[in-house]
Amino acid sequence: MPATEHRQPSWLSRYQEDLGEFVYGGIDGSVTTFAVVAGAVGAGLDSSVIIILGFANLLADGFSMSVGAYLSAKSEQQNYLKHCRTARQGLRMAPEQYRQMVEQVYAAKGFTGPLLSEAVQAITKDEKRWADVVVQEAEGRPMPSRAPLRIGIVTYFAFLIIGFIPLSLYLFDYIWGYAGNLFLATSLLTGAGFFLVGWLKAYVTESSLWKGILETVALGALAAVVAYFVGDILEQMITNG
């Protein structure tokens, strides 16, 4: 049995295309929001202040990240289209040279004789297909298959959903009250979120399951520890200053 077979539940395959962005947004959302909470707790801030800071970070930073993901994907798409336009201009000016490019590509794939001639003829009949083959196969530039807007939306959605976890108990405490250790419970709940994102990360990258989980949990814990002590140190400096 392959090492990754047990990590591939069928229900996840339906969302395979979106998992990369979900993991990307989820990791950033959980780490940055929990760091804000930990820093605020270290500084001794009230729960209401933690909620305000946390949600401000969750909405603004998540939006900024999703816009960045959208613009990056849009730029990649536009870059591909630019090379397609250049290829179209080239094949109009030197059709034989570009026909030979297609022929070399398909000859390398194992096409020979009449089959090779038929494939080249079929492709060079359609200018768009011809340009796509030149750009993708001859130049090695893959065609972006995902809509930039979809990438941005999935990234933002993941940031909000996973990033809300560190704030959920503080919001619950503010509305209904929580009798236990609020920060400890939040840390455990956020750890479960890190576990989920780490598991998805391992699935997407087809890497070791426990390595993916431990890396994500360790990253979140380290960010929280740094933020907590920075908040504590700054609080003492301001109080004693």
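Helices (H or I, at least four residues) and strands (E, at least two) are DSSP runs, numbered from the N terminus. What you have here is a predicted model, where local features need pLDDT of at least 70, side-chain atom pairs count only at pLDDT 80 or more, and totals for chains, interfaces and linings use all residues. Residues are numbered from 1 along each chain as its sequence is written, and side-chain values use heavy atoms, with hydrogens and water left out.

Q: How many helices and how many strands are there in the chain?
A: Read along the sequence, the pattern goes α-α-α-α-α-α-α-α-α-α. So by the DSSP runs, the count comes to ten helices and zero strands.

Q: What is the radius of gyration of the chain?
A: This value is taken over C-alpha atoms, and the globule rule is 2.2 Å times the number of residues to the power 0.38. For a compact globule of 241 residues that gives a value near 18 Å, but the chain has 25 Å.

Q: Is T186 buried or exposed?
A: Let's find it: T186 sits in helix α9, residues 182–205. Buried means under 20% relative accessible area, exposed over 50%, and partly exposed in between (1.4 Å probe, protein chains only). Because T186 has 0% relative accessibility, it counts as buried.

Q: Which residues is T186 in contact with, leaving aside its neighbours within four places in sequence?
A: Contact means heavy atoms within 4.5 Å. With those neighbours set aside, T186 is in contact with F34, P166, L169 and Y170.

Q: At roughly what angle do the axes of α8 and α9 cross?
A: Axes are lines fitted to C-alpha atoms, for helices over the stretch in contact, and angles run from 0 to 180 degrees between N-to-C directions. On the α8 side (residues 165–175), the residues that meet α9 include P166, L169 and Y170. The two axes come within 8 Å and cross at roughly 145°.

Q: Which helix gives the most to the largest nonpolar core?
A: A nonpolar core is a set of buried Ala, Val, Leu, Ile, Met, Phe, Trp, Tyr and Cys residues joined through side-chain atoms within 4.5 Å. The largest one has 22 residues, and F22 and L200 have the most contacts inside it. Helices α2 (16–42), α7 (148–163), α9 and α10 (209–240) each supply at least two residues of this core. With eight residues, the one that gives the most is α2.
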